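User: I am learning to read protein structures, and I would like to go through one example slowly. Could you show me the structure and help me with my questions?

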Amino acid sequence: VQLQASGGGLVQAGDSLRLSCAAPAHAFGSFALGWFRQAPGKEREFVAAISWSGGSTTYGDSVKGRFTISRDKRKNTMYLQMNSLKSEDTAVYYCAAKRVDLSSDYAIGIDFAYDYWGQGTQVTVSS
């Protein structure tokens, strides 16, 4: 399953940015999805996750109230709306997907649970 992340860029503190992650149509409906990020010299950090139906979401503590995850099944795309960006949000952002049983409609915030990863998109926030 190939994931394509996009939407990163250079913004100023306080600005907004929306990341996208496109997935193959045949996989999108049965996958839980998530966003993770990794800053230079730091471990990968959980950002946000959404269940296969979109009915369940969860966020990392550092982004709660500022970031919103969503998914559009018509476009086979997941989004991460990032508002009130801070310099500490600077990182490479990765989208990830995990095939799930449709009886398990959970958002998954653990990186090693995911089966597939996108290539990453750089977000740089200048202060």
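User: Does alanine 96 count as buried or exposed, and why?

Analyst: Please keep in mind that this is a predicted model. The idea is to look at relative accessible area, where under 20% means buried and over 50% means exposed. Alanine 96 has a relative accessibility of 0%, and therefore it counts as buried.

User: In which element is alanine 96 found, and which residues does it touch?

Analyst: Alanine 96 is found in strand 9. Leaving aside residues up to four places away in sequence, alanine 96 touches Leu3, Ala32, Leu33, Gly34, Phe36, Tyr114, Tyr116 and Trp117. For one of these, tyrosine 116, the C-alpha lies 5.5 Å from that of alanine 96, although the two residues are 20 apart in sequence.

User: Which strands are joined to strand 4 by bridges, and in what direction do they run?

Analyst: A general idea helps before the case itself: in a regular strand, the side chains alternate between the two faces of the sheet. Here, strand 4 is joined to strand 9 (residues 91-99) by 8 bridges, and these two run antiparallel. Within that pairing, phenylalanine 31 has arginine 99 of strand 9 as its bridge partner. Strand 4 is also joined to strand 5 (residues 45-50), here by 5 bridges, and this pair runs antiparallel as well. Tryptophan 35 has its bridge partner in strand 5, namely alanine 48.

User: How many residues lie between strand 4 and strand 5 in their hairpin?

Analyst: There are 6 residues between strand 4 and strand 5 in the hairpin, and glycine 41, which is in the turn, has a positive phi of about 80°.

User: How many residues of strand 4 are buried?

Analyst: Of the 8 residues in strand 4 (residues 31-38), 7 are buried, so this strand is largely enclosed by the rest of the structure. For the protein as a whole, buried residues make up 44% of the 127 residues.

User: What is the order of the elements from the N terminus on, and how does the radius of gyration fit the globule rule?

Analyst: The protein has 1 helix and 11 strands, and from the N terminus on they run β-β-β-α-β-β-β-β-β-β-β-β. Its radius of gyration is 14 Å, close to the 14 Å that the globule rule gives for 127 residues, so the protein is as compact as a globular protein of that length. Along its principal axes, the C-alpha trace spans about 45 × 25 × 25 Å.

Definitions and conventions: Residues numbered from 1 in each chain as written. Predicted model: local features only at pLDDT ≥ 70, side-chain atom pairs only at ≥ 80, totals over all residues. Heavy atoms only, no water. Helix = DSSP H or I, 4+ residues; strand = E, 2+ residues; numbered from the N terminus. Rg over C-alpha atoms; globule rule 2.2 N^0.38 Å. Buried < 20%, exposed > 50% of the residue type's maximum accessible area, 1.4 Å probe, protein only. Pairing = 2+ DSSP bridges. Contact = heavy atoms within 4.5 Å.
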